[in-house]
Amino acid sequence: VAGTPGGVFAPRARVSGKDELPVGQDEIDDLIRGVKSAPLSYEFDGDESGEAKRQADGLRGKHSFSPEYVKYPPPPENLKLLHASIFLRHGDRTPISRSVGTAINAEEDRDFWASLLPEKEAQRWWDTVSPVVPESVSSEPYDLGNTPFGQLTERGAMECRQFGAHIRERYIERLGLLPREDPNLQDIKIRTTNLRRTQQTAQNFLEGLYPVATRNPNDHTIPISTCPLGEETLIPNAKTCPKCMRMMQRAAKEALGEQIVIKGEREIMRNLGYPPKQVKWAQAREVMTCYLLQGKPLPNNLTEHDIDRLGDINGFIWGAQYGDQDIARLSVGRIMAEVVDDMASAMDDPDDSYKIAMYAGHDSTLVPILSALGVYDNKWPSYAANIVFELAEEVKTGEMYVRVLYNNEEMLLMDQFWND
């Protein structure tokens, strides 16, 4: 990707000061976490028992990522970290779709899904200390009026705080990329798609990265940037690239003729009441996964194994789409250009560039990136799954190296982990 054009993020600037918030840290913690939240543990660095922990967590270990599962491999001592770009899928959420064929009507469970959401007081607090800007855009997210559907749950908020705390331990406490307190806002870039679940994913990530008690006492706010759908680069965007959408539709149509899909339609989807040739794989997978994780009964004697197969088939279809390098390039080329631009700035002047850029997105953010890198394994990204691009400098020679991690595991690119 060397030599790709510069990024599209707005120039870095400080936010004007505000009066200190008249609340104590205990009140802040209660507001941020909500009365239903589990307390945060800061023992995040996975070790040899990480896989055992994942298995012990059962369904959650399968469908949500935790830093406790995989130990972060620090850079070699001869490399100094200059920059990290982080792509984070939102945490646990409620179903987006309100039906699955004729088998499920999620509207009948509206009150249950609403009970899983963070307290409204906590949500208002997140909007206060980590406002999404510009407000003219963020106040009208794509999913406006859809609550409680497609929303981050209280558990999902906790997952994002946990990941933010892990990044704090990694890049602040251990590697010193950022200061422990009173962060310089010119060092941090936070972006999100304009949906409430990703807005709140970014807000809770920031609470883990910089709890309010560690921020500037005169101005607790750390802003988060979003943009109108027509300008969005974090997801494949039909508005900005109709050609990409047409290519994806053709690739998906071809994948639907493969045996893995035909067999799945015959053995699973008929139980869900979809008309022939009108199966909605992504809809079925996302809703059924939500029901499974919340312990809700599955319809028509379907099992956890059947839901796993839905995920595998969805992963196969998306792999067929984004495995086409032209589709991958059109899907994420501009956001990758932004990553390269930030790295170029860090190489030119580490003291006047972003130290960390975090992008709160979706499975449709991560899969095209993994595919473009040639490392997508057709497995559906879990909640809070993440991709990290690290830029480091060799302390003696000044040579620059880049590494990519997926859920804390190093990705082998061009036969090595650190690439110059």
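User: Which residue has its charged end over the ring of F112?
Analyst: Good place to start! This is a predicted model, where local features need pLDDT of at least 70, side-chain atom pairs count only at pLDDT 80 or more, and totals for chains, interfaces and linings use all residues. Residues are numbered from 1 along each chain as its sequence is written, and side-chain values use heavy atoms, leaving out hydrogens and water. A charge sits over a ring if NZ of Lys or CZ of Arg is within 6 Å of the ring centre and within 35 degrees of the ring normal. Here the charged end lies 4.4 Å from the centre of the F112 ring, and its owner is K296.

User: How many residues apart are F87 and F389, which form an aromatic pair?
Analyst: Rings of Phe, Tyr and Trp (its six-membered ring) pair if their centres lie within 6.5 Å; planes under 30 degrees apart are stacked, over 60 edge-to-face and the rest tilted. The structure holds eight aromatic pairs. In one of them, F87 and F389 meet edge-to-face, 6.1 Å centre to centre with 75° between the planes. F87 is in strand β1 and F389 in strand β8 (strands are DSSP E runs of at least two residues, numbered from the N terminus), and the separation is 302 residues.

User: Is F87 buried or exposed?
Analyst: Buried means under 20% relative accessible area, exposed over 50%, and partly exposed in between (1.4 Å probe, protein chains only). The relative accessible area of F87 is 0%, so F87 is buried.

Definitions and conventions: Helices (H or I, at least four residues) and strands (E, at least two) are DSSP runs, numbered from the N terminus.
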